[in-house]
Each structure stands twice: as structure tokens, then as C-alpha cells.
Amino acid sequence: MKKVWPALVIGVMVMGLSMRPASAQHRPMLGEMDRGPWMFLLLFKGAALTPDQETRVRAILAAHRANARDLVRQLRTAREGMVDKLFAPGAAAVGDVEPLRQQTAQLEEQLSQHWLGAALEIRALLTPDQLAKAQRLKDRVREARAEMRALFEETVQP
């Protein structure tokens, strides 16, 4: 058990580092709503979509889903390859994992652009009133997150 623990920690750190560059790259596009496409879609849902808009949103998502699944599958394979190289017998160097890290970052960027495209298609369906409702909901979500961060920071302080 003692030998497995350091390997597990290193594996988690590698996975976190592989996600960091793409996260930093796409944060400006979606602001704090970039916690996955589903949070962003909840904002659209909060805009009180009409039944016709709901149908069109489902069609947009269905059209994007297959490509997204393929990107996620490729991303998972690249991440697993990186971890496999790190835990393979023998020496490991940056050059051994760098191509996979670059592939991971590129796939994360493609996935981010893909969902942004879907979000823009959905946004185009909204009326100005619905967009205003989504804006108010977004502001409330940000306020709630800020309040939660403040609460956790208070509990961490001695």
C-alpha cells in the first residue's frame, strides 16, 4: 500500500497539469460559466425557452454530441498514454511525454471551441428578454459561488 500511494499522487498531479493549459486558454471565452457545457446550458434553460426553442436546442446538441464524444475519447486516450509513459519502467524525460501533453492541450482546445460553437448557436435562438433572464441568472450563480468561496476561506483561516 505504501508503494501505491506516491504513484497515485503523481498520477493525479499529471492529470491536473494536463488539464491546466487548456482551462487557462478557454476561461476568457465563457468566464466563470466554463465549468462544462452543462452549466452554460442551464443558463439558457433559465431563460424560459419556448417548446420550439427547446426542440431546436435539442437538435443543436444532438448535432454536436457525436463530434464531442470523439474528442473526449481521443482526450482520454492521450491522457492515459501520458500516464502510461510516466509509469513505464526505465527513465522518463520531458521529451517522452511532451507530444502527448501537446496533443492533450490541442484536444482540450478543440473541445472548448466545439462547445462554444454550440453555445453561440443556442444563444442566437434567444429573444432579448430571454437573454436578460439568462444574464440575471448568471449573475446570481456568480454571487453564490463568490459567497461559497468566502465561506470556505473563512473556515480555512485559523
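## Overall architecture

In the protein chain, 82% of the contacts with a separation of 6 or more are between residues 24 or more positions apart. The model is predicted. The protein chain has five helices and zero strands, and its pattern along the sequence is α-α-α-α-α. Of its 158 residues, 32% count as buried.

## The α3 and α4 pair

Two packed helices are described by the angle between their axes and the distance between the axes. For α3 and α4, the axes come within 9 Å and cross at roughly 165°. Angles over 145 degrees count as roughly antiparallel, and α3 and α4 are therefore roughly antiparallel to each other. The crossing of these two helices, α3 and α4, is left-handed.

## The largest nonpolar core

In soluble globular proteins, nonpolar side chains tend to be buried together. The largest nonpolar core in this model has 19 residues, and the members that touch the most others are Val57, Trp115 and Ile122. Two elements, α3 (51–86) and α4 (94–123), give two or more residues to this core. Helix α3 supplies the largest share of the core, with seven residues.

Val57 can be followed further through its contacts. With neighbours within four places in sequence left aside, Val57 is in contact with Leu49, Ile122 and Leu125. One of these partners, Ile122, is itself among the three core members that touch the most others.

## Gln53, a buried polar residue

Gln53 is placed in helix α3. Is Gln53 buried or exposed? Residues under 20% relative accessible area count as buried; Gln53 has 6% relative accessibility and so counts as buried.

Which backbone atoms lie within reach of the Gln53 side chain? A polar atom of this side chain lies 2.8 Å from the backbone nitrogen of Thr50. The Gln53 side chain also reaches the backbone oxygen of Leu125, at 2.7 Å.

Beyond its neighbours within four places in sequence, Gln53 is in contact with Ala48, Leu125, Leu126, Thr127 and Gln130. Leu125 is thus listed as a contact of Gln53 and also as a contact of Val57.

## Summary

The predicted model is a chain of five helices and zero strands. Helices α3 and α4 are roughly antiparallel and give two or more residues each to the largest nonpolar core. Within α3, Gln53 counts as buried, and its side chain reaches the backbone oxygen of Leu125.

Terms used. Residues numbered from 1 in each chain as written. Predicted model: local features only at pLDDT ≥ 70, side-chain atom pairs only at ≥ 80, totals over all residues. Heavy atoms only, no water. Core = buried A, V, L, I, M, F, W, Y, C linked by side-chain atoms within 4.5 Å. Buried < 20%, exposed > 50% of the residue type's maximum accessible area, 1.4 Å probe, protein only. Helix = DSSP H or I, 4+ residues; strand = E, 2+ residues; numbered from the N terminus. Contact = heavy atoms within 4.5 Å. Polar contact = N/O pair within 3.5 Å; in protein donor to acceptor, adjacent residues only side chain to side chain. Axes fitted to C-alpha atoms, helices over the stretch in contact; angles between N-to-C directions. Parallel < 35°, antiparallel > 145°, perpendicular 65-115°, else oblique. Left-handed = near helix turned anticlockwise from the far one by under 90°.
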